[in-house]
Amino acid sequence: MNYLSVENISKSFGDRILFKDISFGISKGQKVALVARNGTGKTSLLRMLAELEPPDEGSITYRNQLKVSYLPQESNLAASATVADCLTVNNHIADALLNEKPHYELTEEEQTLLGKIKSVAGKLNVDFFHQQVGVLSGGQQKRLALAKVLLDEADFVIMDEPTNHLDLDMIEWLESFLTTANMTMLLVTHDRYFLDEICDEILELDNGTLYRHKGNYSYYLEKKAERLDNEQASTARAKNIYRTELEWMRKQPRARGTKSKSRIDAFYETEENAKRKTEQNNVQLDINISRIGSKILEIHRVSKSYEDLKLIEGFDYSLRKGEKIGIVGNNGAGKSTLLNIITGKTKPDKGKVVLGETIVPGYFEQQVDELSGQKRVIEVVRDIAEFIPMSGGRKISAAQLLERFLFEPSMHFQYVEKLSGGEKRRLYLLTVLMKNPNLLILDEPTNDLDIETLSVLEDYLASFEGCVIIVTHDRFFMDKVVDHIWVFEGDGKIKVINGNYNDYRLQRKALKREQKKEERNSEPVKPKAESPKKKLTFKERQEYELLEKDIQLLEEEKTMLEKQLSDEGVNHEQLMEKAKRIQQIIIEVDNKTLRWLELAEYS
């Protein structure tokens, strides 16, 4: 059943064509991702689908009486509304959210809905029901908007970067929620683990053309590589033909009537194919770095609190050459505060931070406040330097550097305020790197960057000879770059773990299993005088003993299937079969775990 039909739509801004004559459809139950570079029209396309702006040409049609919800990158909720108002239109439920003892008795249906609202809001840390939207931070507003969209239970959901402003636990919960939810969706996200887990089709917008790829993100990458190889081969053949035909055109008389019209038409078509750009322009990050000495960064017994909120307590660390740190923790745990202490923007209550004499820090902050919207793009770069030293002792001009960061010459004299969110982030990253830092401190660098730019940045940081400290919610990015994790555990405690995010996650899972075992073992035995405890039957005892083994085997099968999804030899049918089996395993594990907990009470 087709939910959405998009036919021959086009969009331009002045002379800049975002896309032309693109068409696609989305059927009931599909979970589709849209991927493209920054500034190529992803958000504009989503806004058209949400009926917030019209296409220049073409039509967008939804199935009759379809309920559509849209999650924009920036909150569009009314500033005067309370959080409770945003989450429900039912006055009884809103009153129950605001008051422990509501003025009305809720019906059974209202109680169920209230429980769902509290559950979703709790998972996203939206528990400030009485506050008005206008006083919330940007992150709080985004999480509120996400909770509202999830609770709307729309037939068709459009999401623009839903994982921005979520901590890692929230992202993993949202991933699980959307994987099992019975909804149709189109989303834009740079989170590759998220894409792999949720989506069954990828739409790629490239040079104004839309390409469809069945399967998840890993499968899309494989098929895109094949397409680019085929395009390069086709262009190479066209160039050979073009040289021959060009010679023929030059030799013929000027009077076009004496030539074969069909051959002339074919010549111009061949010329267009021969001059087609097939190379993928990627950000080039070969900027020089300053020499780094043996002493880099020392953190001595640093503590920081705000009134009764203890963020950091007695943290010690000495950074070694080449070390790359990833920082994880819940929102508000103090991650950005620690970065501000390291860079000197915030003073610690106790302790000190010592930088080595040769250290040149480069700080990439969450907010792009340093870029003036009233400046032109090239002025932002020239204010730092007209010529920039590159690796190998070379120098290039500000204009050349901008082109390496995918800012075409036609964009150099645009005002910064006209850039897309991702383009602003890319320009800001350029200004940080061109100062030749040897200690990079990055606070959510992955927000709003497109996937291709992220891939280049990952490769650059992985081979970066200096040191890196990163706060990011992008698990793929962390797994690729970092070798140590600082975990904000709460109450000022920061735990250091050797390894990347996946290593940390495995350790956390193992710890939770141990804690559950300890809780079971430490449960007090009730006196016999109390009501007798139900005993397991023989069959229930056998079931209980097999359940834990079954759960472990299912988890191992899921891990194996996830690895196989990224194998090059997996075809489309196998890919879809394995993805379907993974979803079945998730449901089986949940059901078996619930049954195991039920039996554990009487074991």
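Here is a short chat about how a few labels in this structure are earned.

Me: What kind of model is this, and how are residues numbered?
Reply: It is a predicted model in which local features need pLDDT of at least 70 and side-chain atom pairs count only at pLDDT 80 or more, while totals for chains, interfaces and linings use all residues. Residues are numbered from 1 along each chain as its sequence is written, and side-chain values use heavy atoms, leaving out hydrogens and water.

Me: Why is Glu-172 called buried?
Reply: Buried means under 20% relative accessible area, exposed over 50%, and partly exposed in between (1.4 Å probe, protein chains only). Glu-172 has 16% relative accessibility, so it counts as buried.

Me: Which residues does Glu-172 touch?
Reply: Leaving aside residues up to four places away in sequence, Glu-172 touches Arg-475, Tyr-501, Arg-505 and Arg-508; contact means heavy atoms within 4.5 Å.

Me: What makes helix 5 and helix 6 roughly parallel?
Reply: Helices (H or I, at least four residues) and strands (E, at least two) are DSSP runs, numbered from the N terminus. Axes are lines fitted to C-alpha atoms, for helices over the stretch in contact, and angles run from 0 to 180 degrees between N-to-C directions. Under 35 degrees counts as roughly parallel, over 145 as roughly antiparallel, 65 to 115 as roughly perpendicular and the rest as oblique. The axes of helix 5 (residues 138–152) and helix 6 cross at roughly 15 degrees, and therefore these helices are roughly parallel to each other.

Me: Which residues of helix 5 make the contact?
Reply: Arg-143, Leu-146 and Leu-150 do, meeting helix 6 residues including Trp-173 and Phe-177.
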